[in-house]
Amino acid sequence: MSTEGSREKNLVKNTAILGIGAIISKGLVFFMIPFFSRWLSVDDYGAFDLYSTYITLLIPFMTLSSGEAIFRFLIDTHEDIFEKKNIITNGIVIFFAGSLVTVSVSLLVLMKTSPLVAIPFCAFLMGEALNNFTLTYLRGIKKLEKYTICNILTMSGIAFFVTLLVLICKTELPGMLYGYALGYGLSSVFALVSTSVWKFIDIKFISFKEIKTLVKYSAPLIPNAISWWIVNASDRTIIKIFLGTAANGIYAIAYKIPSLCTTLFNVFNISWQENVSLAINDEDRETYFAKIFASVIRILVSICVCITSIDFILFHYIFDIKYIDGMKYVPILITACIFTVVSQFFGGIFIGLKEPKYNGGTTVLSAIVNVAVHLALVNICGLYAAAISTLVSFVFLCVIRYIIIKRRFTIRFDRSIVIYTGIYCYFIITHYVDWMPINCVNILIAGVVFLIANKEYVQKILKKIGINKK
């Protein structure tokens, strides 16, 4: 098999393994959203979403993005057990030192400002941080099957514990926070025990020099992570200040639709980071990157078209009627999702080059654009300002990363992108018509577009299961 064929096969295989877990786990959580939104008041759901975004902000400080450093350096160990011990042991030291400081400070602050959620919030923070760390650890030691199982365990655990604590025990917002903490904790325990993590821990390997090396790599990822938070989540804070917590709850539900698409492609992005790290020094890397890029765009647009075509079902028949206004913001946010995925594709190349500073720098600029546009528009167009600022910032991020990449590689655009762009624009326009006959026709059209865009993969699947025999 050719090098290119082997790389593509490995990329598809890893994405498929991770995709199974993502689809099952995120599908379960997506199924639970209507129940969560009914069990909590709009204000409590908006508050929960806000706490979630604050946790996303704190985790990079808490862990110094050490998990990502462990992943990138483990890729180059080539099964050397001593090198793995060296990297993992020092990574864990960084994680727990940062966790001790961050959780302690968070607890002290919240005991004074919001004592009822202080302990639940810290439990949620520690649970998600540990889960993020263990997942990157699993990627680094190439245990993708366990990574998939962990995703399923996390979301299954969250669904179970939130149902138990919020619906049955009537603990409201604190129960929601504890439910997520327990779900993340369940997954983390499985990851660490099933891989016998103690085999990779040896205090003799603790080295300030190695810690410095890991932090030197991960430090530029901290502003990158913070900026992603600003781009993705500062909207919630601005909405709360200018429009109120209830408006934040509506926007949170609207954001769930495009986040489903982003989640699916985050799976690809995880595989892509490993794949590009291994292929970065190959002679044919430009051709390979261009081919993968064309496939990503084709698949991405086809999925976004499908999601756009069915979201009226979610808002009219599944979500509580009090969130119906969220439907207006979905097309803008799904479009932003497209540029998000393309930006992450370019970011994966920076990771492969071991130059995460470009990820951090470009995302900082994008975050500034996001906040500036949102503040400029919030008093003019309300919640639309959040969606528009998100789209503008991701378009900016995508363009600036492409300019940097273009200085090193040539990534050609496939002509079919123009056709898919036209089709996508049609779905965006008809979405705002929201007329049932058009909605039904669009579901059929979206199905056809998806089959055409993914013809190659559909044929392979059919051939695998024996339907497409020649």
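Reader: Do I read H5 and H7 as roughly parallel or roughly antiparallel, and at what angle do they pack?
Author: In this predicted model H5 and H7 pack at an angle of about 25°, with their axes 8 Å apart, and they are therefore roughly parallel to each other. Angles under 35 degrees count as roughly parallel, over 145 as roughly antiparallel, 65 to 115 as roughly perpendicular and the rest as oblique. The axes are lines fitted to C-alpha atoms, for helices over the stretch in contact, and the angles run from 0 to 180 degrees between N-to-C directions. Helices (H or I, at least four residues) are DSSP runs numbered from the N terminus.

Reader: Which hand does the crossing of H5 and H7 have, and which classes of residue are in the contact?
Author: H5 passes H7 in a left-handed crossing (near helix turned anticlockwise from the far one by less than a right angle; clockwise is right-handed). The contact of H5 with H7 has 19 nonpolar, 5 polar and 1 charged residues, where Ala, Val, Leu, Ile, Met, Phe, Trp, Tyr, Cys and Pro count as nonpolar, Asp, Glu, Lys and Arg as charged, and the others, Gly among them, as polar.

Reader: And how do H5 and H6 cross?
Author: The axes of H5, residues 115-140, and H6, residues 144-168, come within 8 Å and cross at roughly 160°. That makes H5 roughly antiparallel to H6, and the crossing of these two helices is left-handed.

Reader: What about H13 and H14, at what angle do they pack?
Author: H13, residues 357-381, and H14, residues 384-406, pack at an angle of about 155°, with their axes 8 Å apart, which makes H13 roughly antiparallel to H14. H13 passes H14 in a right-handed crossing, and their contact has 17 nonpolar, 9 polar and 1 charged residues.

Reader: Switching to empty space, what lines the second largest pocket?
Author: The second largest pocket holds about 360 Å³ of space and is lined by 18 residues, of which Ile297, Ile338, Phe339, Ile417 and Thr421 lie nearest its centre. H11, H12 (330-352), H14 and H15 each supply at least two residues of that lining, which divides into 16 nonpolar, 2 polar and no charged residues. On a 1 Å grid over the protein atoms alone, a pocket is an open set of points with protein on both sides within 12 Å along at least five of seven lines, a cavity is a set where a 1.4 Å probe fits but cannot get out, and lining residues have an atom within 4 Å of a point. Points are joined across faces, edges and corners, and a volume is the space filled by probe spheres set on them.

Reader: How many cavities of 30 Å³ or more are there?
Author: The count comes to 2 cavities of 30 Å³ or more, and the second largest cavity has about 70 Å³ of space. Its lining includes Thr308, Asp311, Met327, His431 and Asn442, and H11 (285-318), H15 (416-431) and H16 (436-453) are the elements that give two or more residues to that lining. H11 provides the largest share, 4 residues, and the lining divides into 3 nonpolar, 6 polar and 1 charged.

Reader: How many aromatic pairs does a search of the whole structure find?
Author: The search finds 18 aromatic pairs, including a tilted one between Tyr180 and Tyr184, at 6.5 Å centre to centre with 55° between the planes. Rings of Phe, Tyr and Trp (its six-membered ring) pair if their centres lie within 6.5 Å, and planes under 30 degrees apart count as stacked, over 60 as edge-to-face and the rest as tilted. Tyr180 and Tyr184 both lie in H7, residues 172-194, 4 residues apart, about one turn of the helix.

Reader: What pLDDT do local features need, and how are residues numbered?
Author: Local features need pLDDT of at least 70 and side-chain atom pairs count only at pLDDT 80 or more, while totals for chains, interfaces and linings use all residues. Residues are numbered from 1 along each chain as its sequence is written, and side-chain values use heavy atoms, with hydrogens and water left out.
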